[in-house]
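Reader: I am new to this structure and would like to learn how to read it. Could we take the features one at a time?

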Amino acid sequence: MKITQHTTDTTLTLALNGELDASSSVLLDTELSKPEILRTQKVLIDCQQLNYISSAGLGVFISHLQTFQDANVKLVFFNMQEKVRNVFEILGLDSLMTIVPSEAEATAV
Amino acid sequence: MKQVIRISCNRRNLKVVRDFVSDYLAGQHLSEVLVNQLVLAVDEVVANFIIHANAEDERQFLDVRIDVRDHEFGFEIEDGAPSSYSPGSYQEPDLREFVRVGKKGGVGMMLVNRIMDRVEYSTTGEHTVCRLYKSLT
């Protein structure tokens, strides 16, 4: 798993590249746990190169969602492959989290 | 046709198991979404055995077997040790509550149970076996 960051005044974009499982999810958890993330308005997760996600990866997002909401930080996923989106849908997480098709739509949220 | 792989209980081997399962399924003319679901179900059970049942003790081994019979996929994950996991105690978690309290784990078996047609656990002597079944029809 490789995570590439891009920051603007209001937005942090994390581009995930690889497979997010019980072995690699610690890296993502470290990124989302940084205190400065709560000072941004929006966290965009670019999933174009995310080829796989297991419950460990989902758990990282689930565990931070309430903290983000309490701090008025929007968490938005975009460019998600169908097989990865399907995993969110199996659990109904697509109704608890914001998933949009493109970066343009993610920026507009 | 039966395929078998043995791995030590290190979470780095999750990728090895996923590649083993996906390589096998690649020749089965399944959709990418279904292949991913089956790989995920096996990955979740193997992760539970590695991390929770064996505390990542690399001296311990798991055997993963794949079998297709009568239009049904069977995945068998055998742990060399008796598992403390009790499927009888499984209850579907409340995800909204998980979000509220910031819970990090606990949705793996929810995925497995929703993906597979049948999930069976058995313990014989020192061995615990989890069997996952998915019909192709």
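The dialogue goes through chain A as a whole and then two residues of chain B.

Author: Keep in mind that this is a predicted model.

Reader: How many helices and strands are there in chain A, and in what order do they run?

Author: Chain A has four helices and five strands. Read from the N terminus, the order is β-β-α-β-α-β-α-β-α. The radius of gyration of chain A is 13 Å, close to the 13 Å that the globule rule gives for 109 residues, so chain A is as compact as a globular protein of that length.

Reader: What does the C-alpha trace of chain A span along its principal axes?

Author: The span is about 30 × 25 × 25 Å. Of the 109 residues in chain A, 38% are buried.

Reader: Which share of the contacts in chain A comes from residues 24 or more positions apart?

Author: Among contacts with a separation of 6 or more, such residues account for 71%.

Reader: Now chain B. Where does Ala55(B) lie?

Author: Ala55(B) sits in the loop between helix H2 (32-53) and strand S2 (61-69) of chain B. Its phi is near 50 degrees, a positive value in a residue other than glycine.

Reader: Is Ala55(B) buried or exposed?

Author: A residue counts as exposed if 12 or fewer other C-beta atoms lie within 10 Å of its own. Ala55(B) has 9, so it is exposed.

Reader: What is phi of His71(B), and where does that residue lie?

Author: For His71(B), phi is near 60 degrees, again positive in a residue other than glycine. The loop holding His71(B) runs between S2 and strand S3 (72-79) of chain B. With 8 other C-beta atoms within 10 Å, His71(B) is exposed.

Terms used:
Residues numbered from 1 in each chain as written. Chains lettered and ligands numbered in written order. Predicted model: local features only at pLDDT ≥ 70, side-chain atom pairs only at ≥ 80, totals over all residues. Helix = DSSP H or I, 4+ residues; strand = E, 2+ residues; numbered from the N terminus. Rg over C-alpha atoms; globule rule 2.2 N^0.38 Å. Buried ≥ 20, exposed ≤ 12 C-beta atoms within 10 Å, placed from the backbone. Contact = placed C-beta atoms within 7 Å.
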